[in-house]
Amino acid sequence: MADTVDINELGRSVDPKSLSDEQLISTLGTALRDGNAKDVDPSLFARLVKTASKQQLATVMSSEVRRPVLEAIFGRMSEFYSSKGASGNRQVVHWHIKDGSTTDSFQTVLQNGTCTVTEGTDEEARTALTMPGTEFLKVATNNANPVTLFMTRKLKVSGDVGFATALQKMFQIPSA
């Protein structure tokens, strides 16, 4: 097998478990380089996350493709926002993806039917979500239930827990 394969082909027909960590990281890096994240089919990426091992996801989230993966997910978040269940009020959500000493933070502002994402957290949040990178990948691809993660303490919520629960309905997350 070549060192890299097309990310959509990977999601469509290749079992990620048959790839080495280097091949998986190289494929993700190639797919996300130079602003090509929009070329990645979200449902195929969801399938990739679903079929990858937990160790492979952990390796991805501890590699140099962590930032491009997070930027791609947050960069496309507004595409999947469906103001269903949201009010017209300005709602700020902080997302903290934390693995060991590495934390990446993003902020989503939900207002008037739009979702705006920025890196960092400069406004007071209605709710803040903190979770490991592997769990974030699963939530962002509809491969994990946030309520279950919360109950098993893999997802920490501060602020308005009820609003955090409603977030799931506000995004039409592609699934595998």
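Strand S4 is mostly covered in this predicted model, with four of its five residues buried. The strand spans residues 127-131 and pairs with S5 in the antiparallel sense, over four bridges. In this pairing, Leu-129 stands opposite Val-157 of S5. Towards S1, by contrast, the pairing of S4 is parallel and extends over five bridges, and here Thr-130 in S4 is the bridge partner of His-96.

These two pairings belong to an open sheet of five strands, in which the order is S3-S2-S1-S4-S5 and the pairing is mixed. The edges of the sheet are formed by strand S3, residues 114-119, and by strand S5, residues 156-159, each of which pairs on one side only. When direction is ignored, neighbouring strands of this sheet are turned against each other by 20 degrees on average.

Two helices were examined in relation to these strands. Helix H6, which comprises residues 133-140, lies across strand S1 (91-99) and S4, and runs at about 135 degrees to S1. Helix H8, which comprises residues 161-170, packs on the sheet and touches S1, strand S2 (102-111), S4 and S5; the direction of helix H8 makes about 75 degrees with that of S4. Strand S4 is thus a shared element of the description, since S4 is among the strands that H6 lies across and also among those that H8 touches.

At the surface, a nonpolar patch of about 350 Å² is made by Val-147, Phe-150, Met-151 and Val-161. The largest share of this patch comes from helix H7, residues 146-151, which contributes three residues. One of the patch residues, Met-151, lies in helix H7 and counts as exposed because its relative accessibility is 61%, the cut-off for this class being over 50%. The exposed state of Met-151 may be set beside the mostly covered state of S4, where four of five residues are buried.

Key
Residues are numbered from 1 along each chain as its sequence is written. This is a predicted model: local features need pLDDT of at least 70, side-chain atom pairs count only at pLDDT 80 or more; totals for chains, interfaces and linings use all residues. Side-chain values use heavy atoms; hydrogens and water are left out. Two strands pair if DSSP finds at least two bridges between them. Axes are lines fitted to C-alpha atoms, for helices over the stretch in contact, and angles run from 0 to 180 degrees between N-to-C directions. Contact means heavy atoms within 4.5 Å. Patches are made of residues with over 30% relative accessible area and no salt bridge: like charges are joined within 9 Å, nonpolar side chains (Val, Leu, Ile, Met, Phe, Trp, Tyr) within 5 Å. Accessible areas come from the Shrake-Rupley method with a 1.4 Å probe; for residues, only the protein chains shown count as cover. A salt bridge is a side-chain nitrogen of Lys or Arg within 4 Å of a carboxyl oxygen of Asp or Glu. Buried means under 20% relative accessible area, exposed over 50%, partly exposed in between (1.4 Å probe, protein chains only).
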